[in-house]
Amino acid sequence: MTIKVYIPRDSASISLGADKVARTIAVEAARRGATIELVRNGSRGMFWLEPMIEVSTPEGRVAYGPVFPGDVSDLFEADFLYGGQHHLRLGLTEDIPYFAKQKRLTFARVGITDPVSIDDYLAHDGYRGLTNALKMTPADIVEEVTTSGLRGRGGAAFPTGIKWRTVLGAQADQKYIVCNADEGDSGTFSDRMIMEGDPLVLIEGMTIAGLAVGATMGYIYLRSEYPYAEVALNEAIAAANARGYLGDDILGSGKTFHLEVRRGAGAYVCGEETSLLESLEGKRGMVRFKPPLPALEGLFGKPTVVNNVISLASVPIILDQGGANYQEYGVGRSRGTLPFQLAGNIKYGGLVEAAFGLTIRELLYDFGGGSRTGRPIRAVQIGGPLGAYVPESQFDLPLDYEELGKNDAMLGHGGLVVFDDTVDMAQMARFGMEFCAIESCGKCTPCRIGSTRGVEVIDRMVEGKDRPKQVILLRELCDTMLSGSLCALGGMAPFPVLSALNHFPEDFGLAEPADKAA
Amino acid sequence: MTTSTTPWDRDKVLGIIDALKHKPGALMPILHGIQDNIGYVPDDAVPLMAEALNLSRAEVHGTITFYHHFRTTPPGRHKLEICRAEACQAMGANRLVAHAKKTLGVDFHETTADGAISLEAVYCLGNCACSPAVMVDGELLGSVSQESFDELVGNLRSQP
């Protein structure tokens, strides 16, 4: 009997040795005459257990991890192919509490299927959303997405249905679907995990988007730092084309949708949608003025849907199970689930898909288990390099767009970067400005010049030169950047800086809270 | 335009340009195609692209210099990128960067004297639960310590 052994092809798993483990298992199985089928699945997202391997047993999939090449022979001795006892045995994967406590909608298949197998995808409810969409009018598809309450998962949280409606209503000879896969925020990797672990769900989501707005061409703008995702996407696109799920006549419907991956080139600002469009057109990634909105004049001047990977990958389940079902999850105006990402100095780092509304503390301690170094957690940066640093006193805030916004923080793309008490928050603030200076496209002055001046002001503050005056200067500079920048890069770079200053003034050499000292 | 002193395969570059120039927004795919094949984008390939795409040389040059990924000089035998972003900083990336610069004797964007390693900074490799992260010739590594870094460098130096 052939036994299925699952070893992730997720790049984080590979970064810890998954490829070597896969080779060792293949060799050892051959040596022992065991017949196995190696499946390179996505990761379940529990990275402290990677490389985590699984075997199919009559009771379900049994996990072992972290497995290194030196453990393999021992695992065979322990009969791991039949779920045998071993000190690395983790039990049934689905029963591991970290996993069992999640609500996986967008990530329903990640870690379970062979990412590029259409048959595996179909066997796990894949392409049911598209099948439904093919029977619906474009307006009805848009309505279903609107009903779901889905908002842009890239960070801006704009209602996806509204954006689609605008593009649907625009008259043009050509429209485009553009997937923003320029996941540049530190502490985020959910886009990468979907693209490596279930690329077909993104392809299906984009195809549905094309049907909804009348677009026949789609581009995935993928950052150059994600070579493994590029391979997986291209394999999946080829498989979808070969089976008629993409192309000139999708499943015999007469509808057309083509898809192509385009690679970015290491520019953070190209995650901003207009800069991304410039880059797709083969130019410098300079931010455009808005209006016109990309929904009306986007790629090559044509009406364009620009959506994040997770937004588009959430569409198939909405069209499968209905928008009303999706919006049952969540709180307030934040409906559905979000794949949160626990990163940095965290004991149990990984991906946690859950309904909006769980608190920062629950995520950090119930899931994350505290810091990896074992020291107290002092600050968490939420939402990438433009997100605020949140102190311990705010850890009971619920993770939803509005609640964090009210507290001068933001959820962004759902990444949480954890720092212990050895962090120097003045240096983190300085890095916030430095990063903005490195990545600024240069079009607007507050961002281009302001970020460099910001580094200088913080340096003077740390050196102790006229500290009270520097505080006033830094706050005025941040105000100028907030109000005067063309896009979110310059417009939000002040968030990490001001939050560090407000919550951790002692790191800047200020005895009192910064607002009083100023 | 001055003539480059570094030899590169003109026919190969022309072949790449010719194969991709009909794509919408062809410049980025062409730049990637050239760098993937010969390791960098030579200055004197700029006029070839400009002519093929009906762009000015300034437009092509401006695009190349906008993006951190493209380089206009030949790289070392191996490209070593260290993540400098916040999640990796939370796990000691700054110490790893200092260690790397000291042991390799180079700063970012420089190549070691023996031509073995080009050191680059990168801002997030999406491996933020396994920090600090490093990428070597497109291969991702996680939870990199100074010891594993030294071992890696030793291996790279002994490879062609």
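Helices, runs of H or I with at least four residues, and strands, runs of E with at least two, are taken from DSSP and numbered from the N terminus; a loop is named here by the elements on its two sides. The exercises concern a predicted model.

**Exercise 1. Locate A:D79 and A:Y127 among the elements of chain A, and decide for each whether the residue is buried or exposed.**

Step 1. A:D79 lies in the loop that runs between α3 and β5 (89-92) of chain A, and its phi is near 60°, a positive value in a residue other than glycine.

Step 2. A residue counts as exposed when 12 or fewer other C-beta atoms lie within 10 Å of its own, and as buried when there are 20 or more. A:D79 has 12 other C-beta atoms within 10 Å and is therefore exposed.

Step 3. A:Y127 belongs to the loop between α5 (118-123) and α6 (128-134) of chain A, and here too phi is positive in a residue other than glycine, with a value near 65°. Because A:Y127 has 23 C-beta neighbours inside 10 Å, this residue counts as buried.

**Exercise 2. Find which loops of chain A hold A:P51 and A:P66, and describe the peptide bond that leads into each proline.**

Step 1. The loop between β2 (36-39) and β3 (53-57) of chain A holds A:P51, and the peptide bond from A:E50 to A:P51 is cis, with omega near -5°.

Step 2. A:P66 is placed in the loop between β4 (60-64) and α3 (72-77) of chain A; the peptide bond from A:G65 to A:P66 is cis, with omega near -5°.

**Exercise 3. Describe how α7(A) packs against α8(A), giving the distance, the angle, the handedness and the residues that meet.**

Step 1. The axes of helix α7 (residues 138-148) and helix α8 (residues 160-169), both of chain A, come within 7 Å and cross at roughly 160°. Since angles over 145 degrees count as roughly antiparallel, α7(A) is roughly antiparallel to α8(A).

Step 2. The crossing of these two helices, α7(A) and α8(A), is left-handed.

Step 3. From α7(A) come A:P138, A:A139, A:V142, A:V145 and A:T146, which meet A:T160, A:G161, A:I162, A:W164, A:R165 and A:L168 of α8(A). By class, the residues of this contact are seven nonpolar, three polar and one charged.

**Exercise 4. Carry out the analysis for α10(A) and α11(A), and then place α10(A) in the largest nonpolar core.**

Step 1. The axes of α10(A) and helix α11 (residues 227-242) of chain A come within 9 Å, and they cross at roughly 60°, which makes α10(A) oblique to α11(A). The crossing is right-handed.

Step 2. On the side of α10(A) the contact is made by A:P199, A:L200 and A:I203, and on the side of α11(A) by A:A232, A:L233, A:A236, A:I237 and A:A240. The contact of α10(A) with α11(A) has eight nonpolar residues, no polar and no charged ones.

Step 3. The largest nonpolar core has 217 residues, and those with the most contacts inside it include A:L202, A:A209 and, from chain B, B:C83. Helix α10 (residues 199-213) of chain A gives the most to this core, with ten residues.

Step 4. Leaving aside neighbours within four places in sequence, A:L202 is in contact with A:C179, A:I194, A:M195, A:V309, A:L312 and A:A313.

**Exercise 5. Characterise A:R448 by its element, its exposure and its contacts.**

Step 1. A:R448 is part of helix α18 (residues 445-463) of chain A, and because it has 16 C-beta neighbours inside 10 Å, A:R448 counts as partly exposed.

Step 2. Beyond its neighbours within four places in sequence, A:R448 is in contact with A:S440 and A:G442. A:R448 and A:M481, which are 33 residues apart in sequence, are 9.7 Å apart in space, C-alpha to C-alpha.

**Exercise 6. Summarise chain B, and state what each chain brings to the contact.**

Step 1. Chain B has seven helices and five strands, which follow the order α-α-α-α-β-α-α-β-β-β-β-α from the N terminus. Of the 160 residues in chain B, 38% are buried.

Step 2. The contact takes 45 residues from chain A and 35 residues from chain B. On the side of chain A that touches chain B, the classes are 19 nonpolar, 17 polar and nine charged residues.

How values were computed
Residues are numbered from 1 along each chain as its sequence is written. Chains are lettered from A and ligands numbered from 1 in the order in which they are written. This is a predicted model: local features need pLDDT of at least 70, side-chain atom pairs count only at pLDDT 80 or more; totals for chains, interfaces and linings use all residues. A nonpolar core is a set of buried Ala, Val, Leu, Ile, Met, Phe, Trp, Tyr and Cys residues joined through C-beta atoms within 7 Å. Two residues are in contact if their C-beta atoms, placed from the backbone, lie within 7 Å. Ala, Val, Leu, Ile, Met, Phe, Trp, Tyr, Cys and Pro count as nonpolar, Asp, Glu, Lys and Arg as charged, and the others, Gly among them, as polar. Axes are lines fitted to C-alpha atoms, for helices over the stretch in contact, and angles run from 0 to 180 degrees between N-to-C directions. Angles under 35 degrees count as roughly parallel, over 145 as roughly antiparallel, 65 to 115 as roughly perpendicular and the rest as oblique. A crossing is left-handed if the near helix is turned anticlockwise from the far one by less than a right angle, and right-handed if clockwise.
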